[in-house]
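Welcome, and thanks for opening the viewer. Let's take a short walk together, one selection at a time.

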Amino acid sequence: MLHADVRLRLGALDLAVQVEVDDGEVVAVVGPNGAGKSTLLRAVAGLQPIDAGRIVVDDRLLDDPAAGVLVPTAERPIGLVFQDHLLFPRLSALDNVGFGLEARGMRRTEARARAQALLERVGLSDHAAARPAALSGGQSQRVALARALATEPRVLLLDEPLAALDARTRPRTRAELRRHLATFSGARLLVTHDPVDALVLADRLVVLEAGRVTQSGTTTDVARHPRSPYVAQLVGLNLLHGSAAGDRTVRLGGGTELVVADPVPAVEVAVAVRPQAVTVHRTEPEGSARNTWPAVVAELEADHDRVRVALEASPVPRPRSGTRPGLLDPGAGDTIVAEVTPAAVADLDLTPGARVWASVKAVDLTVYER
Amino acid sequence: MVRPRRRGRARPPWALVPLAGLALAFLVIPFAALLQRVPWSTLADHLSQPVVTEALRLSLVSAFAATALSLIGGVPLAWMLARTDFPGRSLVRALVILPMVLPPVVGGASLLFAFGRRGLLGGPVYDATGFLLPFSIWGVIAANTFVAMPFLVVTVEAGLRSADRRYEDAAATLGAGRWTTFRRITLPMAAPSIVAGAVLCWARALGEFGATVTFAGNLQGRTQTMPLAVFLALESDREAAIALSLVLVAVSLAVLVPLRDRWLAS
């Protein structure tokens, strides 16, 4: 378990953050560049001493200026996956993973055997002899992860774990990372500026803006009730969990079926959709949107010059059920947030309990393997 | 007219070409002139003279010894300059560079005042043990090291400064202490600059004249290195001087050419 109360000044940055991460929990710190995300990780790792506050892992005090405690990085029970992985360029993948074990005094042959097993766990046993330059972005990330986990840390820190990857390999690597993160039982703290990474990988979000926490909570909570324009824009996404059928349909937890643009293998998925892409109608719309379903307005939330409307799919009796392609059979409880203007709220007379229709184009749905 | 562009080779602005050519000619023509004077028929006789073989052996031994000593002390010194922050660091760096700037004769004289028979340190050592640094091969090595080590320190410091220190951070997060990090991460990353610095250092030591002749003298077979032998021979036996010079040029090229692209141009 990690408890970090970090206060420090570094150049223009004035950082004051409190973060708690339980064992088995994944917490994502999201925020714009320069918000102090990476500095927070460096402080936990001991690469940046704090001015005030304290950093505790399990019951061990690592940094406390008031008490005069500052445990050096090498003696902290932490593992850090750097943004660009920082695999040692002159060592093979195997020796990169074994480095920490050897540095902590393990015999070379034993370290190599352990490293080989770790590489096997991340599916890279046949790349053991490869130099980092010969690895792809995703492979190099898995080596970096195996290297960080080799020394069996109590806290795993990940700095922008997917930023170094190109858009094409990102979804797959994200899914792999999620799987590998799940095998680690300690506390996991990752920082990212990518809302999808945060929503897919983390259990809880901490939003950091200009060195201060502006919001924190479960991913669902923060995504649904963003408290600042930045959060709304950044993580104010609808993230719907469901399973793909193997074709172009995804069945959500409540039973609502969505049509997506491209075929998806039959796996557990998350579907992200921007609230701006969800339209609200008073009557059943006719148009190109492939996803149209009846819903009830559950909640209205004014957010500066926009209104966020939570729409709960309602299994109301419908006269033409199944007779028209694209008309969804909604499941009870699947909720999606639409962002509309105050004028639209007035025009459509949107009040809690109002019966409306929601629609989303298939191309506005982004599907992520979970 | 559209010409296919060749990648990787920039075409220089035309004004640079004649200037570059002049500079190159200025550097090469003296060696051409030297070659043209080489007494090819009697070269073998000249080169087998003891004065030549002894000077060559002494030059090589002292240049390599000076390089080894410079590596042992110079790499840690470069690390201190690049990585630590202590009061007066810029003064220390200026002192390290001083031997590069000063006339070597001044260096040699300073060495005498420090390590000579009545020198600051040399005096007490001589009184206690009878050991005398000047006018021996040790004196030659000391003079070479004094003049050549700064080249290594400056090169390695630049290499360490340009290395990505976050690799050292990564090593620390994996539990590596400072010595392990230095040995397994910092040194391999600085290797190109260390090799480049060692080559520069060796080349400077091989050509050392002023400090050597001042501090170690010009005793054939004991302290007379190639440059000293050439200087002496120019007065008495010009053909021998040319033969000696030819050997120096050949030895230097043999070391520099294979290394040039790989290490020195990076």
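Start with chain A and select its open sheet of 5 strands, which runs in the order 16-20-17-18-19 with antiparallel pairing. Keep in mind as you look around that this is a predicted model. Strands of a sheet pair through backbone hydrogen bonds, either parallel or antiparallel.

Now find the edges of the sheet. Colour strand 16 (279–281) and strand 19 (335–340) of chain A: each of these edge strands pairs on one side only. Turn the view a little, and you can look for the angle between neighbouring strands, which averages 45° when direction is ignored.

Next, zoom in on one pair. Select residues 291–303 of chain A for strand 17 and residues 306–313 for strand 18; these two pair in the antiparallel sense over 8 bridges. Which residue of strand 18 is the bridge partner of A:Leu300? Click across from A:Leu300 and you should land on A:Val309.

Time to visit the place where the chains meet. Here 13 residues of chain B are in contact with 17 residues of chain A. On the chain B side, select helix 8 (166–173) and helix 9 (178–206), which each supply at least two residues. Helix 8 of chain B gives the most, with 6 residues. Colour this side of chain B by class and you will find 7 nonpolar, 4 polar and 2 charged residues.

For the last stop, select B:Ala10, in the segment before helix 1 (16–36) of chain B. Is B:Ala10 buried or exposed? B:Ala10 is exposed, because just 7 other C-beta atoms lie within 10 Å, and a residue counts as exposed at 12 or fewer. Finally, draw a distance from B:Ala10 to B:Val140, 130 residues apart along the chain: their C-alpha atoms are separated by 45 Å.

Notes. Residues numbered from 1 in each chain as written. Chains lettered and ligands numbered in written order. Predicted model: local features only at pLDDT ≥ 70, side-chain atom pairs only at ≥ 80, totals over all residues. Contact = placed C-beta atoms within 7 Å. Helix = DSSP H or I, 4+ residues; strand = E, 2+ residues; numbered from the N terminus. Nonpolar A, V, L, I, M, F, W, Y, C, P; charged D, E, K, R; others polar. Buried ≥ 20, exposed ≤ 12 C-beta atoms within 10 Å, placed from the backbone. Pairing = 2+ DSSP bridges. Axes fitted to C-alpha atoms, helices over the stretch in contact; angles between N-to-C directions.
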